[in-house]
Structures are given as structure tokens and as C-alpha cells.
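Welcome to this structure, and thanks for taking a look. Here are a few points to follow with the model open beside you.

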Amino acid sequence: MQGAQVQFHLRPGGRLTGCIRVPGDKSISHRAVILGSLAEGITEIRGFLAGADTLATRNAFQQMGVPIWGPEKGKLRIQGVGMRGLRPPQAPLDLGNSGTAMRLLCGLLAGQGWEAVLVGDASLSRRPMRRVTDPLVAMGARIQTSAAGTAPLHIYPSSKLKALHYAMPVTSAQVKSALLLAGLYAEGETCITEPGPARDHTERMLEAFGYPVRAEGNRVCIRGGGQLRGCSLAVPADISSAAFFLVGASIAPGSDLRLEGVGMNPTRTGILHILRQMGADIRIERERESGGEPIADLRVRSAPLHGIEIPPALVPLAIDEFPAIFIAAACAEGETILRGAEELRVKESDRLQVMAEGLSELGIANQLYADGIRIQGGELGGGVVDSHGDHRIAMAFAMAALRAQAPIRIRDCANVNTSFPDFAALASKTGLAIQQIP
Ligand code: S3P
């Protein structure tokens with residue numbers, strides 16, 4: 001694969017300074033396309049993430065007959081077709097690397113009454129899909145996975161879905177959101193109970209589109225048969241993309257970096273709690289609200305970090321940030337222990353395994369558990385790290401160079417484009433000595 005040739009080359013040392021805005025939130029951008037497409041009237045989205053994942057979602061809705069313009073300078077305009085206005089796609093919908101796109105679309109398309117096929121790249125085709133298809137089938141959907149429970153997903157016509165009361169066995173915003181989207185088309189009230197707090201962007205955005213959602217504690221309910229009203233939305237900067245800079249500026253002596261307009265949804269801020277417990281100096285400034293989501297500017301200055309036992313309750317609130325957190329742990333005094341994070345094994349890569357291999361390559365002692373890792377802080381050497389095509393692993397190891405003794409090369413970095421186009425350019429503007437090849 002040609003994309004596998006993209007590499008990051010990093011010179012060791014440096015510090016991060018200045019003021020930047022990282023790209024728009026990926027989770028929120030996906031949901032804005034989905035709900036905007038189903039709404040009555042026009043939806044205008046500012047700050048839309050023009051990454052490969054969210055563009056795959058846009059393309060899928062265009063294939064289903066939704067007029068969508070942009071993104072141009074972060075602006076996306078959608079002429080919503082209404083709840084029953086999607087047209088059956090004439091070809092499989094290719095969702096690339098995006099688990100969010102595949103699982104949310106599976107939920108939405110289960111209730112359309114026509115046939116569709118969802119496909120993805122090699123990584124996405126390895127990821128577990130029964131967690132969404134099983135409860136959807138219990139609602140009356142007809143969906144076929146591979147024998148291993150993976151994509152391609154064939155969705156067949158079915159009669160009207162029936163509402164479901166479902167207790168999710170794993171904490172997953174993708175499963176919750178898929179069932180909420182199916183619930184829009186179901187007879188009766190669908191209720192989902194989550195074992196821990198998963199991100200609640202779908203619930204918030206449904207309300208922004210005028211669709212009532214009933215949330216009490218760890219349960220969320222939706223009644224089928226309503227309508228969505230097109231609206232104007234501003235997407236916050238993605239805290240999951242800010243995470244690399246929070247870690248980079250924390251570990252590189254002399255850093256002082258400001259990150260503007262970062263999403264501060266409490267279901268996403270685990271990284272701030274974890275880094276602060278490790279001794280990081282992060283200030284939250286100008287807290288405000290934007291499009292139903294809290295946002296703030298973050299100022300981060302370098303500080304000596306120490307290892308911690310990461311509280312299991314924070315795991316779902318920082319689920320995408322562990323590659324970056326492991327780099328902070330590698331630079332911390334003492335050991336950091338993570339348990340209760342088996343979900344990391346079924347992300348874009350097996351993030352426990354791939355991070356452990358990369359840390360070992362750079363001379364950082366670690367021990368893997370089935371559900372976590374122990375990392376002994378130490379001196380980072382240089383070396384060649386394979387990201388296995390996982391965007392967040394590539395960006396996390398790029399930040400490691402700030403404290404490395406020798407150059408670091410990172411392989412297979414093309415997928416950084418799924419969530420953070422122009423990462424290398426923005427990072428180098430702040431002071432990271434990074435070169436993208438080719
Ligand atoms: C996401 C939910 C999380 C997260 C993913 C985005 C979403 O996945 O890891 O990057 O947008 O709903 P899970 O639902 O599998 O936890």
C-alpha cells in the first residue's frame with residue numbers, strides 16, 4: 001500500500017510554544033453530517049474536520065442522495081432530506097478506517113427498509129461489529145457480518161424496527177449512538193444503559209436538532225417517529241488531537257503552549273485529570289459554550305511528571321488518549337499502571353501491543369497485561385517505530401522525540417490524515433522538529 005510509505009522523521013529535543021487551534025472534533029463532525037442529512041432544511045457546520053474519516057461519512061451521505069457542499073475553510077452545508085429521504089446506495093459505502101462511521105451508519109441504515117453494504121479498510125475489517133449488529137438484530141434488523149463478526153456488513157430490508165431496552169456489556173459511544181439512530185426509526189421507546197459514561201455527543205446534538213432525548217443517570221431513551229430541524233453548528237477543536245500537544249508541552253522543558261477552543265465535554269476530559277494527577281501544569285481559560293458543547297482555551301507549560309495508577313473510572317473518559325498518555329508515562333518519574341482498558345486492543349490497532357513494541361524500541365521498560373500496561377519512566381533513546389497505520393500512535397511517538405536522545409523515525413503514518421490533516425505542519429510550527437516523508 002502506497003500510504004504505508006508515509007513516514008515521520010524527528011530530530012530529538014526542542015520545546016513547544018505559541019498558540020494554535022487543532023482541527024475540529026472527529027466524533028462531533030461525523031454526527032453533524034448524519035443528523036444534518038436527516039433533518040428538514042439546511043444545516044451549516046463550522047469547524048468541520050476535513051479528515052479522511054469524516055469525509056468518508058460525507059461521501060456516504062452524498063452516495064445516498066444528500067446534497068452536501070464543502071468543506072471549504074471548515075464550512076460544510078447540507079440540504080437535509082428528512083427522516084425518510086435517504087436513497088439506497090447503488091454501490092457499497094466505503095468507510096475507510098472509521099469505526100465511528102461504520103457503527104453509526106449500521107444503526108441508521110438498519111431502519112431504512114432497504115439494502116446497503118458497508119465496507120472498510122484492512123484495519124476496520126478486523127474490528128468487532130457484533131456489538132452493534134446483535135442489539136440491532138434484536139430490534140428486528142437483518143444484518144450479515146463475516147463469520148468473524150466483522151465487516152463487510154450487509155444490511156437487508158426488514159420490517160419496521162421495534163424499540164429495545166438494552167444494557168450495553170461494554171462502554172461504547174459508538175454502540176450507544178448506533179442504537180439511538182436505529183431508535184429514531186423504531187416503534188416505541190428505545191432505552192440504552194451504559195456501564196460507564198461514554199461520550200454523549202449524539203444525545204446533545206439530537207437536542208440541538210430539536211429531537212427530544214431522555215437521559216437519567218446512565219440510561220438514555222429515545223422515541224421513534226419524530227423529526228429533526230436543520231440548524232447551525234460550530235464544532236469545537238478536538239481534545240483528542242489537542243492531547244498530543246498537551247503531552248508534548250508537558251514533557252519538553254521550556255514549553256508554553258496555548259490551545260484554542262478545545263472541546264471540554266466532561267465525557268472527554270479524562271486526559272486533563274490524568275495528566276494533572278501526574279503533575280502536569282494545564283490551565284483551563286475562557287470557558288464558554290458552543291453549539292451545545294462546552295469549550296475552553298488550554299494553556300500548558302512543561303512540568304516534571306510522576307507515574308500514577310490511572311483510576312479505572314477515568315478510562316472511558318480518556319479512551320482515545322492512551323497512546324499520548326503512555327508517552328507522558330515514559331517521561332515520568334517512576335511507574336504508571338493502567339488496568340481495565342482491554343478496549344484499547346480493538347481500536348484502529350491493538351494499541352496496548354503496538355505502543356508496548358514502540359516503547360521497547362525506544363528503550364522504555366514496560367509490561368503488558370490483557371487489559372493494560374505498566375510503564376517504567378526512563379530515558380528515551382531513538383529508533384524506528386511502526387505505527388501499524390494507527391493515526392494516534394504515529395502522533396504520540398512524534399511527541400516522544402521532544403525528550404529522545406537520538407532521532408526517531410515513525411513508519412506507516414498516512415492515516416494521521418484520518419483525524420489530523422496537516423499534523424506535521426502544525427506541530428513543526430509549535431517547535432517539533434518533524435519532517436513528513438514523502
Ligand atoms: C467514538 C467512540 C469511541 C472512540 C472513537 C470515537 C465516537 O469508540 O474510541 O474514537 O465517536 O462515538 P467506542 O464507542 O468503541 O468506545
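1. Please keep in mind that this is a predicted model. A good place to start is helix α10, which spans residues 351-361. Its buried residues are R351, L352, V354, M355, A356, G358 and L359.

2. What do the buried residues of α10 pack against? Their partners are two helices, α9 (322-330) and α11, together with the strands β19 (366-369), β20 (372-376) and β21.

3. Just past the end of α10, have a look at the backbone of G363: its phi is positive, at about 90 degrees.

4. Next comes the sheet. Four strands make up an open sheet with mixed pairing, and their order is β21-β22-β1-β23. At the edges are β21 (383-386) and β23 (434-437), each of which pairs on one side only. On average, and ignoring direction, neighbouring strands here are turned by 20 degrees against each other.

5. Within that sheet, do β1 and β23 run parallel or antiparallel? Strand β1, residues 7-10, runs antiparallel to β23, and four bridges join the two. To find your place in this pair, look for L10, which stands opposite I434 of β23.

6. Two helices are worth following against these strands. Helix α12 (residues 423-430) packs on the sheet, where it touches β1 and β23, and its direction makes about 165 degrees with that of β23. Helix α11 (residues 391-400) lies across β1, β21, β22 (408-411) and β23, and it runs at about 175 degrees to β22. You have already met α11 as one of the elements that the buried residues of α10 pack against.

Key
Residues are numbered from 1 along each chain as its sequence is written. This is a predicted model: local features need pLDDT of at least 70, side-chain atom pairs count only at pLDDT 80 or more; totals for chains, interfaces and linings use all residues. Side-chain values use heavy atoms; hydrogens and water are left out. Two strands pair if DSSP finds at least two bridges between them. Axes are lines fitted to C-alpha atoms, for helices over the stretch in contact, and angles run from 0 to 180 degrees between N-to-C directions. Contact means heavy atoms within 4.5 Å. Buried means under 20% relative accessible area, exposed over 50%, partly exposed in between (1.4 Å probe, protein chains only).
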